[in-house]
Amino acid sequence: MADVRLIVPADTTVTGAPSDCTPHTLSGGYYPRRTGAPRYDCALPYWVLEDTERSYDFSVRIDTVVPGATGAVSIHPEWGEFAFDSDTTNTKAVLAVN
């Protein structure tokens with residue numbers, strides 16, 4: 001089991017988030033609303049293989065155009081580390097809004 005983490009790019013606002021994604025502060029703390037959070041952790045309720053595909057539908061508003069604005073998408077185990085995965089360079093990606 002794992003979580004997919006979305007870090008929202010600067011100067012954008014999430015206006016709609018899937019029900020299986022929990023809003024958080026950037027450091028992972030409690031965030032009081034479903035929309036507008038800087039980070040979302042989304043449940044991935046099954047084992048993840050190298051060819052696993054999953055999508056999450058977010059609605060995002062660009063508040064200010066910032067050239068090169070990026071966020072991130074990454075996968076994390078529910079607890080601890082991926083002990084069986086010696087190469088974690090493929091567990092994250094840049095999320096670009098341009």
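**Exercise 1. Work out which strands pair with E4, and in which sense.**

Start with E1: E1 and E4 run antiparallel to each other, joined over six bridges. For a concrete contact, take Arg5, whose bridge partner in E4 is Asp41. Keep in mind that this is a predicted model.

Next, turn to strand E3, residues 21-24, which also pairs with E4 in the antiparallel sense, over four bridges. Here you can look up Pro23, whose partner in E4 is Tyr40.

Put the two steps together: E4 pairs with E1 and with E3.

**Exercise 2. Decide whether E4 is mostly covered or mostly open.**

First find the strand: E4 spans residues 39-44. Then apply the cut-off, where buried means under 20% relative accessible area. Five of the six residues in E4 are buried, so on that cut-off the strand is mostly covered.

**Exercise 3. Describe the largest pocket: its volume, its centre and its lining.**

Step one is the volume, about 620 Å³. Step two is the centre: 24 residues line this pocket, and the closest to its centre are Leu44, Val48, Leu49, Ile75 and Thr91.

Step three is to ask which strands contribute. Strand E1 (2-7), strand E6 (70-77) and strand E7 (92-96) each give at least two residues to the lining of the largest pocket. E6 supplies the largest share, with four residues.

Step four is the chemistry. Sort the lining of the largest pocket and you get 14 nonpolar residues, four polar and six charged.

**Exercise 4. Do the same for the second largest pocket.**

The volume comes out at about 180 Å³. Of the 13 residues lining the second largest pocket, Leu6, Tyr56, Phe58, Val73 and Leu95 are the closest to its centre. The elements that give two or more residues to this lining are E1 and strand E2 (12-16).

Now sort the lining of the second largest pocket: twelve residues are nonpolar, one is polar and none is charged. Set that beside the largest pocket, where six lining residues are charged.

**Exercise 5. Check how confident the prediction is.**

Begin with the whole chain: the average pLDDT is 90, and 100% of the residues score at least 70. Then go by element: the mean is lowest in E6, at 92, and highest in E3, at 98.

Why bother with this check? Where pLDDT is low, predicted coordinates should not be read in detail.

Terms used
Residues are numbered from 1 along each chain as its sequence is written. This is a predicted model: local features need pLDDT of at least 70, side-chain atom pairs count only at pLDDT 80 or more; totals for chains, interfaces and linings use all residues. Side-chain values use heavy atoms; hydrogens and water are left out. On a 1 Å grid over the protein atoms alone, a cavity is a set of points where a 1.4 Å probe fits but cannot get out, and a pocket is an open set with protein on both sides within 12 Å along at least five of seven lines; lining residues have an atom within 4 Å of a point. Grid points are joined across faces, edges and corners, and a volume is the space filled by probe spheres set on the points. Ala, Val, Leu, Ile, Met, Phe, Trp, Tyr, Cys and Pro count as nonpolar, Asp, Glu, Lys and Arg as charged, and the others, Gly among them, as polar. Buried means under 20% relative accessible area, exposed over 50%, partly exposed in between (1.4 Å probe, protein chains only). Two strands pair if DSSP finds at least two bridges between them. pLDDT is the predictor's confidence in each residue, from 0 to 100.
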